[in-house]
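Student: I'd like to take a close look at one part of this protein with you. Could you walk me through it, and then show me how its surroundings are put together?

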Amino acid sequence: MKRNTCLIILIAFVLSSCAYWPKSWRKPSSVETSMDLLEKSQVIIDRVATRDFNVQSCSRDLDLLIEQYSKAPETLNIEVIKNQGQEILDQSFDARMAIHSMLDVLPVECKAKVKDLYLKMRMVEDYVGVHYYSDAQISADSIKYQEEPVPVYEADKYRPYHVGAGIDPKAKFEFKNGDIMITKGISFVSSTISELAAPKSVFSHIVFVHVDEKTKEVTTIESYVGKGVSIFPIEEALKNENARILVLRAKDQALASKAANYMYNKVQKLKSEKKYIPYDYELDFSDNSKMSCEEVAYDAYKTVSNGAMIIPEMESQILLDDPKFLKRVGVKKGPMMVPTDMETDSRFDVVLDWTDYRVMRDSWRKDALLGEMFRWIQDYDYRIYENMTSVAAKVIWSTRYIPGLWGMMSKISGIPKDFTKDVPSLTITTMASLKSIGGNLLPVVTKADQEHFEKTGRWMTTEELRSTLDQYRQTNPKGLRKVFREK
């Protein structure tokens, strides 16, 4: 009798295990060649709806999904993408939104994994988008952004974007007071921000939105290196050098509006006194006399809530072990808020997700480049060495206190004339060094990516881009080694 009971229990366990792991969520076998993205997204949506994806299952489920989406770009069928691309993109967005709806009940361990899964899903979406739309892939440097149609507002001039529940996709999008935009710039500095933290991300900047209650004028409150905190028209912010824009809306709209009004009024009052909030090059969130882009919204919510609303719910981690390089970019090892952390904050809803597929390869290449740089620093003890460009930048920057001379030197160096004088010399030389290193590596990976596409009809995956860069490193190129090599 006991033996039969044990057998029944064993059979029940096996059956329940089979039910627990649907076919499309199981680990792919070695003979599988292409992931069915539509099926994968639908399974995610269904399992969230039926609560089969829950607190107990989320860790294992997310591990499987991360593994599967990580491998997906290598095996995607380009013909399937060309035929089903829009449906795949729509369904993938819905799947991400389904997971987002669960964030408020997921444990910390699972929220951390959601960050990683979102990254992998977005990489797949990018890969699908560039092949489906077949937009000519151009460099962001070739675009005069302020002369471009306004993203989001002039929707018909760009590829379709996605909106959250309850928002009419055919109507002009309306921002609300206190909305937070997280965006991805297309520069080496932007890629430094997105690649440095763990997990990596596809965002590099935070924008705090203000909507005037009477006039309905929409502006943004932003902080930039060399500028500090300023207020910009929404059109100017949208026409910034962005590869993607994600708009997040606080569930507590009263608090969001209060936070935006507080920061807007603070910046305007200082401006009337011919003062401003400088950029925070030390990223000290405890001191709001200076602010980075993240600290603008952070300080606003913290202040108006009397410390009850601290954003984000969970910070990313800086894992790099090179204190000298971290000092160069103004960060410390350990937990740190980065823009992507807001995407997985359960107190905010996703209300808009926009992508510019024309510059996606440029963005991917720069991300791969910076990602490899950080790996070489970590694994091979690489260091940045001063060169003629960085030394010249430092010397030129030292003339900023001489009005007549600085105007001329600014034109020569390309450093903006209106850069605030508090920018550390180390920041200037680091930006110059990144430009030198990028100038050496970017043409290599761009050429390889383009040739791969012309030969195979598909763009390189992230892993292939990074492999190309590492193979180039192993040739000991003189140009690169002058500015970046082993200690």
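In which loop does Asp381 lie?

Tutor: Happy to. Keep in mind throughout that this is a predicted model. Asp381 lies in the loop between α11 and β11, the strand covering residues 382-384. Its backbone deserves a look: Asp381 has a positive phi of about 60°, although it is not a glycine. For context, most residues other than glycine have a negative phi. As for solvent, the relative accessible area of Asp381 is 33%, so this residue counts as partly exposed.

Now step back into the helix that comes before this loop. Helix α11 spans residues 360-380, and its axis comes within 8 Å of the axis of helix α6, residues 188-196, with a crossing of roughly 60°. The two helices are therefore oblique to each other, and α6 passes α11 in a right-handed crossing. On the α6 side, the contact is made by Phe188, Ser191, Thr192, Ser194, Glu195 and Leu196. Their partners on α11 are Ser363, Lys366, Asp367, Leu369, Leu370, Gly371 and Phe374. If you have the model open, try showing these two sets of side chains together.

A ring with a charge over it is also worth finding: Arg473 lies over the face of Trp376, at 5.6 Å from the ring centre. A second example involves a lysine, since the charged end of Lys172 sits over the ring of Tyr153, 4.3 Å from its centre.

Let's return to the backbone for a moment, as Asp381 has some company. Lys216 is another residue other than glycine with a positive phi, near 65°. Its place is in the loop between β4 and β5, the latter being residues 218-224. With a relative accessible area of 55%, Lys216 is exposed. Gly414, which follows helix α13, also has a positive phi, near 85°.

There are cis peptide bonds to look at as well. As background, most peptide bonds are trans. The bond from Ala198 to Pro199 is cis, with omega near -5°, and Pro199 is placed in the loop between β3 (197-198) and β4 (205-211). The bond from Ile311 to Pro312 is also cis, its omega likewise near -5°. You will find Pro312 in the loop between α9 (293-304) and β8 (316-318).

Next, follow the chain on past Asp381 to some further helices. In helix α13, residues 403-413, the buried residues include Trp406, Gly407, Met409 and Ser410. The buried residues of α13 pack against α12, which covers 388-397. Helix α12 also packs with α14, at an angle of about 150° and with their axes 8 Å apart. That crossing is right-handed. From α12, Thr389, Ser390, Ala393, Lys394 and Trp397 take part in the contact, while α14 supplies Ser425, Ile428, Thr429, Ala432, Ser433 and Ser436. Helix α14 (residues 425-456) also holds Gly439, which is partly exposed at a relative accessible area of 47%. The C-alpha atoms of Gly439 and Gly479 are separated by 9.7 Å, with these positions 40 residues apart along the chain.

For another helix pairing, turn to α3 (residues 58-75) and α5 (residues 108-133), whose axes come within 9 Å and cross at roughly 25°. That makes α3 roughly parallel to α5, and the crossing is left-handed. Among the α3 residues that meet α5 are Leu62, Leu65, Ile66 and Tyr69; the α5 residues in this contact include Val114, Leu117, Met121 and Val124.

Finally, a few tyrosines. The structure holds 18 aromatic pairs. In one of them, the rings of Tyr279 and Tyr281 have their centres 4.9 Å apart and their planes at 55°, so the pair is tilted. Tyr279 and Tyr281 are both buried. Elsewhere, ring pairs link Tyr132, Tyr133 and Tyr357 into a cluster. Tyr262, in helix α8 (residues 253-272), is partly exposed at 24% relative accessibility. Leaving aside neighbours within four places in sequence, Tyr262 is in contact with Asn288, Asp299, Ala300, Thr303 and Val304.

Notes: Residues numbered from 1 in each chain as written. Predicted model: local features only at pLDDT ≥ 70, side-chain atom pairs only at ≥ 80, totals over all residues. Heavy atoms only, no water. Phe/Tyr/Trp six-rings, centres within 6.5 Å; stacked < 30°, edge-to-face > 60°. Buried < 20%, exposed > 50% of the residue type's maximum accessible area, 1.4 Å probe, protein only. Lys NZ or Arg CZ within 6 Å of the ring centre and 35° of its normal. Axes fitted to C-alpha atoms, helices over the stretch in contact; angles between N-to-C directions. Helix = DSSP H or I, 4+ residues; strand = E, 2+ residues; numbered from the N terminus. Parallel < 35°, antiparallel > 145°, perpendicular 65-115°, else oblique. Left-handed = near helix turned anticlockwise from the far one by under 90°. Contact = heavy atoms within 4.5 Å.
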